[in-house]
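Let's take a friendly look at a pocket and a pair of cysteines. Here is the model to keep in view as you read.

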Amino acid sequence: MDERTKITLDESEIPRRWYNVVPDLPAPPPPPLHPDTRQPVGPEDLAPLFPMELIRQEVSAESYIEIPDEVIDVYRLWRPTPLYRARRLEKALGTPAHIYYKYEGVSPADSHKPNTAVPQAFYNFAEGTRRLTTETGAGQWGSALAFACAQYGIDCEVWMVRASYDQKPHRRTLMQTWGATVHASPSPVTAAGAKILADDPDSPGSLGIAISEAVEVAAADPATRYALGSVLNHVLLHQTVIGEEALKQFAAASERLPDLIVGCTGGGSNFAGLFLPFLREKLAGRADPVIRAVEPAACPSFTRGIYAYDFGDTAGFTPLMKMHTLGHDFIPDPVHAGGLRYHGMSPLLSHIYELGMFEAVAKQQRECFAAAVMFAKTEGILPAPEPSHALAAVIEEAERCTESGEEKVLLTALCGHGHFDMTAYERYLSGEIPDFELPQPRIDAALGALPKV
């Protein structure tokens with residue numbers, strides 16, 4: 001092991017293939033179902049929303065998908081991303097643990113999201129799409145898609161969850177700078193949004209509602225398609241460049257592979273991108289990490305949701321997906337980790353979780369912000385509120401190592417910086433951020449509306 005703080009790779013070492021874990025699993029995940037027939041969906045059902053290449057990737061049985069040269073060319077703007085050894089954090093904790101973080105905040109859109117936004121925009125451009133619609137929670141995904149669409153001259157229209165639209169005006173401005181049109185969701189622009197506003201004019205919105213609005217507009221226009229920033233298989237596939245690079249970087253640092261891999265989970269793409277290549281190594285007997293997902297106590301789909309078929313959106317426009325869900329009617333409280341406020345979880349990750357291949361825990365807001373502040377004071381980078389959940393779990397594990405004397409290797413993904421989240425930090429530092437434990441009756445009420453399958 002060397003003494004470097006930052007382990008970097010040359011541009012020539014950008015992964016040339018995305019990794020698909022499905023062929024390596026002991027059982028395939030359950031298929032999505034058509035909302036009307038309850039039969040498995042086919043390519044023709046998805047064609048109004050997605051280009052055929054992404055549909056092919058969504059159901060692929062190939063272990064690897066080649067990354068187009070045109071995508072690699074844009075990836076070069078920020079990839080490979082650095083792997084850091086958090087030596088100053090280790091010292092502050094007095095821990096024998098080796099703490100590493102893969103820093104995705106160096107991308108133009110300051111998060112991991114362009115890893116999939118760029119190929120999605122490219123494949124749509126290649127098939128003649130003129131406009132993409134999407135939703136965004138905290139604004140990371142909307143920013144990434146706006147950036148990617150600008151690379152290919154595609155119009156971009158974003159429905160941003162109202163709570164984040166109000167809390168993060170500069171994130172909205174960033175999207176508009178790249179040419180996107182941004183609506184607060186729920187909006188009067190769509191039938192789905194107008195209905196919700198009629199029932200609740202002060203609705204804080206949700207990712208499920210924003211998805212309904214974006215899908216409604218895309219489905220009505222043959223020249224428009226829809227792009228999703230998490231949850232679906234092809235999105236998780238694109239994010240595996242994170243873990244593939246990390247494997248090369250551990251080898252370059254002469255460090256053994258991690259004992260623990262930790263990631264925050266909202267829809268699951270950041271977490272999957274980090275751990276799936278390591279899971280391949282584990283399934284092949286070349287590594288044996290504990291893998292831990294961390295979610296907010298205010299929106300705990302893994303730890304308190306159920307594994308069932310549900311809609312991916314509030315209005316019921318999407319296929320039914322078998323996933324860990326709190327119910328598509330669930331409206332999360334407007335806590336500041338907007339990127340983790342989704343009622344469901346990636347069906348692929350839900351399936352892998354059911355197979356017992358990783359564990360999940362929930363964290364309270366204040367513990368996460370405390371971890372983020374400690375990280376900023378020691379490592380110098382202000383984390384987005386979302387990865388602060390993973391940092392809290394890493395610090396907790398490092399403190400256990402302090403007590404036990406174990407020299408574990410810990411790895412997490414710092415999936416974005418927090419420069420657009422200063423309102424959240426301002427509220428935390430002034431003591432205005434509360435913890436919030438989701439009441440069980442609210443979960444029960446939302447789960448009562450699950451579709452019958």
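Which residues lie nearest the centre of the largest pocket? They are Pro 32, Glu 58, Val 59, Leu 232 and Asn 233, part of a lining of 43 residues. This is a predicted model, where local features need pLDDT of at least 70 and side-chain atom pairs pLDDT 80 or more, while totals for chains, interfaces and linings use all residues. Residues are numbered from 1 along each chain as its sequence is written, and side-chain values use heavy atoms, leaving out hydrogens and water.

A pocket here is an open set of points on a 1 Å grid where a 1.4 Å probe fits, with protein on both sides within 12 Å along at least five of seven lines; lining residues have an atom within 4 Å of a point. The largest pocket has a volume of about 740 Å³, which is the space filled by probe spheres set on the points. By class, its lining has 33 nonpolar, 8 polar and 2 charged residues. Elements giving two or more residues to this lining include helix H2 (52-58), helix H11 (233-239) and strand E13 (320-325).

Now for the cysteines. The whole structure has 0 disulfides (cysteine sulfur pairs within 2.5 Å). Why do Cys 149 and Cys 156 form no bond? Their sulfurs are too far apart for one, as the table shows. Both residues are buried (under 20% relative accessible area, 1.4 Å probe, protein chains only).

| Residue | Closest cysteine sulfur | Relative accessible area |
|---|---|---|
| Cys 149 | Cys 156, 4.2 Å | 1% |
| Cys 156 | Cys 149, 4.2 Å | 4% |

Methods
Helix = DSSP H or I, 4+ residues; strand = E, 2+ residues; numbered from the N terminus. Nonpolar A, V, L, I, M, F, W, Y, C, P; charged D, E, K, R; others polar. Buried < 20%, exposed > 50% of the residue type's maximum accessible area, 1.4 Å probe, protein only.
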